[in-house]
Every structure is written in C-alpha cells, then in structure tokens.
Amino acid sequence: MTSFHDCAWCGRPDPTGGYVCPKCYRPVGQALQEMADLAGEPDVNITRQARYGDRDGPRSAEPPIPVDLKASNAAWAAAHVVVTWMDHIATARAVPLPRRRPRVVGPLCIAGWTALPGRCGHPSCDEIRDRRAEHPVAAAARFVVEHLHWLRRQPDATDAAEELLGAAHAVKRLVENPADRWYAGTCLTPIDGDPEQRCTTELYAWPGVTWVRCPGCQTTHQTGPRVRWLLDEARDVRGTATQLATAAARLGRTCTPGQLRALAQRGRLRQATVELDGAEGPQELAWDQWLRPLYRFGDVLTLLDELAEQRRRDEEDRARRASAKASRDRQNATVDHEPDQGVRSDASGTIAPTSSVPGPAAGG
C-alpha cells in the first residue's frame, strides 16, 4: 500500500507519494532549465566584459583587476550546488553521469547560408554557427531536471529544492545584474480588495522604463508617481556626501561626493542638525559614527536642481551673446565689403569727389 505524504510546502496530501507535490516542485524545474540556458553568461561578468551603463561618481586611480572575484565566487557556489546534487542522484540511482553535448558540426541548410542567426528557424543551424560545446553546468542542470520526479519523493526534497532554487536565482542575478536597477519602493497593493492586507514586495525598476511589475501580486505600477512619492519620503533622510551623491545620481542628478563637499565648504549646502530637547530646544550638527558630516537629502536635491537651472540660464545667456556677436560681425563684414560710390582717387593719391554727369565725347 502506497503511503501518502503531505506536501511540505502547501500542506496538501500528494497522491504520488512525494514529500513535495508536483505543483510546488514545478518552479524548481523551470528555474533549473533557465539556469541551463544561462550557464555560460556569468563568464562575461566574471571577466568584467559586461557593460551596464555609465558609472556613477569618479573612477579610482588604482587600475582594477581583470576578474570580478565576487561574481566568480557566486558562480562557483551555484555550480557547486547543482553538481553536488547531480552526483548524489547518480550515486543513489546508480545511473551514469551526463555527457556534455558535443559541438555540432556540419553544413548549414540552404537558407542558413544567407539568413541571419535564427531567421531560418533551425536550431541546428544556430548551434553550428555558435560552434561551442555544451557548458558543464548546463549539462548538470538538465540532468537534475530529468530526475526531479525522483528527487521530490526523497526525504531531503525540501532541502534540495531550496538549494537548487537559490543556485538558479544566483546565476540569474549575475546575468541580469539587478544592482543597476533602482529601488521603486514597496508595492502596497490591497490583497483581494482588503485595504488592511497589502502586498509587501519590494519593487526594483530598470533605468528608463515607465512601469514596473510587482513579482508578488503581478500589479503594474507607473514609475513616475513612485519616483515623486519616493522623493517626498526621502527628503528628510540624512546621509554622508558619498551616500547622497550615489542616491542623487540614481535619480538623474549628476554629482560626485567631492562636489557636495565643495558646496558645503562654500556654504551652499548646510549640514543637517539634530534636535536635543524637542522641537523648540537647541540643535547640534549631525555626524555619523565615524564623525563624517551628514546632510539632508532634500537640501541636496534642491541645491542640485538650482545649480542645474543656473547652468541652463547661463548657457542660454552665452548662446544669446554669441548670436548677437555673430550678427554684429556679419553687419561689419557687409559694410567693409561695400564698394565706394561717392569718391575716387587720382594718381597723386588725393581723393576727389566723382561726378555722375558724363563728360564730353572724345574729339568733340
């Protein structure tokens, strides 16, 4: 008689005898399949070949090493998890380890010789153009996917699923580089129409997009209103010059920590203060634990907007002066090149007025 186990995730009994039901285990297979497709992409991040836009702030004078150690460690840890479970499955089930798909060789189809990659519709043609063997992590991930039906029936099915999901998400983070996304706040969408229960998923949006979708409740939010809401909420936040310069750069205000410190030295940016004895009591300057001055984020944004407006007016003024100068130069050049109509010079160099009355005809 087959004993049924309650699913460790949803609590419903699984008639197939698994410790986790097939519905709850399905995302594990999807994540591993995506990991297999992206297995070779983290190498681009590890060798620092990826570019995700302009770098905020000044660059260090010290040349960086050509390898991203954090990305390398994360990719190694993810690969170690998948390979370990692959070896466990192969040992427990007494099945051979997977063999990597060899590099595909052979002629292209007739349309493949002239078509762009993917245009002829043949995966084999794309693999021939790629001419690379299967990545070992991709082979391990596909092997685990093929044996998930057995793995979810084991007592350690929950541990395996959590570790495999973490490894797949780590590879996806390496490829997508979510650090370049900006924080768009908490979703706060009412759940099932109940205003007392709201979605608490944190939102992150890519620069330049006009909307962001909540991964929790799938609600779409416009980024414009959320930016204005975040600005209102963050204006009273205090931070160092480095912290506020980074935050301002994420919001489109280009500045560096050195520029903020220079503005503070010139008295344009005031240091934040803290109240000692209530709202009406004395105040003192705000410092962090390393005795670095703290500034109010709202003051930084206001000052940067004022400086940007001043630069715009200065550029318009310089453009008007340049246009007026060019107009005067053109008028002067026109006057200088006009021919003299009312004077003439004789051989002795004296200037005499010219007459428009014709003289007598020769021989008259």
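How many residues does α1 have, and how far does α1 reach from its first C-alpha to its last? In this predicted model, local features need pLDDT of at least 70 and side-chain atom pairs count only at pLDDT 80 or more, while totals for chains, interfaces and linings use all residues. Residues are numbered from 1 along each chain as its sequence is written, and side-chain values use heavy atoms, leaving out hydrogens and water.

Helix α1 (helices are DSSP runs of H or I with at least four residues, strands runs of E with at least two, numbered from the N terminus) has 16 residues and reaches 22 Å. That is close to the 22 Å expected at 1.5 Å a residue, the expected span being 1.5 Å times one less than the number of residues. Buried residues (under 20% relative accessible area; exposed is over 50%, partly exposed in between, with a 1.4 Å probe and protein chains only) in α1 include C24, Y25, V28, L32 and M35. The buried residues of α1 cover an arc of only 160° around the axis, which puts them on the same side of the helix; the arc is taken from the directions from the helix axis to the C-beta atoms. On the other side, K23, Q30 and D37 are exposed.

Y25 also takes part in an aromatic pair with W9 (ring centres within 6.5 Å, using the six-membered ring of Trp; planes under 30 degrees apart are stacked, over 60 edge-to-face, the rest tilted). The two ring centres lie 6.3 Å apart with planes at 35°, so the pair is tilted. W9 is partly exposed, at 35% relative accessible area, whereas Y25 is buried, at 3%.
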